[in-house]
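Trainee: Please pick one part of this structure and go through it closely. I would like the cut-offs stated as they come up.

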Amino acid sequence: MSENMDLKKEAKKKSLLEAAQLLFLEKGVSKTSISEIADRAQVAKGTFYLYFKDKDTLLEQLLYEISYSIIQRAYDYAEAHQTEQFVENVILFADWIINYFTEHTDVLRLIRRNFSWPLLEHSLSDFSDDPLLQSITTRLYHAPLKDVHSSQELFNIIYIIVDLCGSVCYSSIIEQRPDTIDNMKPLLYDIIRRILQ
């Protein structure tokens with residue numbers, strides 16, 4: 001019985017997050033009310049507060065889930081197309097992220113400059129519960145750079161690369177600064193290669 005109740009609670013929370021994402025993409029975060037989110041999710045307004053303290057808390061959870069999904073898909077792509085060179089596999093990973101944001105500018109506008117490595121927001125000691133983090137940890141452990149950098153330094157380097165990709169995408173795709181994303185990509189990839197040398 002409690003398992004069924006947990007599934008219903010999770011479904012309501014998911015419904016609120018999905019409704020919020022649609023409304024945020026349509027109207028923007030500031031122009032979307034909690035009542036509208038509850039209405040779109042087909043739940044009572046009070047139900048919203050069972051899951052989220054306020055709209056900012058919901059937005060934080062939504063950004064985490066979007067970022068996690070993007071990183072999961074980028075990692076899966078890089079794994080499916082991997083080469084023998086670690087650096088080039090990281091470039092594949094970064095390229096997928098950039099292509100995604102190029103095609104999904106609405107998501108990039110929502111995320112703004114908040115796209116970063118969501119997994120590292122949580123303690124690295126909790127990685128055993130997360131299959132994505134387990135896979136990435138294994139991949140980093142076998143990387144040639146492990147002889148030069150500690151595991152923590154490797155995670156920090158990947159964090160910087162992901163954060164850099166998000167920032168360059170937002171500036172180049174949304175703000176058109178300092179140049180187009182097509183012109184920025186070769187420079188970005190050169191910087192990534194230098195970071196990973």
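Mentor: What follows is a close look at helix 8, with the rest of the chain as context.

The model is predicted, so local features need pLDDT (the predictor's confidence in each residue, from 0 to 100) of at least 70, side-chain atom pairs count only at pLDDT 80 or more, and totals for chains, interfaces and linings use all residues. Residues are numbered from 1 along each chain as its sequence is written, and side-chain values use heavy atoms, without hydrogens or water.

The protein chain has a mean pLDDT of 86, and 93% of its residues reach 70 or more. Confidence is lowest in helix 7 (residues 131-141), with a mean of 78, and highest in helix 9 (residues 181-195), at 95. Where pLDDT is low, predicted coordinates should not be read in detail. The chain contains nine helices and zero strands; helices (H or I, at least four residues) and strands (E, at least two) are DSSP runs, numbered from the N terminus.

Helix 8 covers residues 151-174. From its first C-alpha to its last, the 24 residues of helix 8 reach 34 Å, close to the 34 Å expected at 1.5 Å a residue; the expected span is 1.5 Å times one less than the number of residues. Helix 4 passes the corresponding check: its 26 residues should span 38 Å, and its end C-alpha atoms are 37 Å apart, which agrees.

Two serines in helix 8 deserve attention. S171 lies in this helix and counts as buried because its relative accessibility is 12%; buried means under 20% relative accessible area, exposed over 50%, and partly exposed in between (1.4 Å probe, protein chains only). S172 is also found in helix 8, and its 2% relative accessibility makes it buried. Contact means heavy atoms within 4.5 Å. Not counting residues up to four places away in sequence, S171 touches R113, Q176 and R177. With neighbours within four places again left aside, S172 is in contact with R177, D179, T180, I181 and M184. R177 therefore appears in the lists of both S171 and S172, given that contact means heavy atoms within 4.5 Å. Q176, a partner of S171, comes just after helix 8 and takes a positive phi of about 55 degrees.

Helix 8 also matters for the count of the largest nonpolar core, a set of buried Ala, Val, Leu, Ile, Met, Phe, Trp, Tyr and Cys residues joined through side-chain atoms within 4.5 Å. Of its 64 residues, I37, I70, F101 and I192 touch the most other members. Among the elements that give two or more residues to this core are helix 4 (55-80), helix 5 (86-103), helix 8 and helix 9. The largest share, twelve residues, comes from helix 8. Leaving aside neighbours within four places in sequence, I192 is in contact with V90, I91, A94, I161 and C165.

For comparison, I66 lies in helix 4 and is buried at 9% relative accessibility. Its contacts, with residues up to four places away left out, are Q21, V107, L110 and I111.

Over the whole chain, 40% of the 197 residues count as buried. Of the contacts with a separation of 6 or more, 64% are between residues 24 or more positions apart. The C-alpha atoms fill a box of roughly 55 × 45 × 25 Å along the principal axes.
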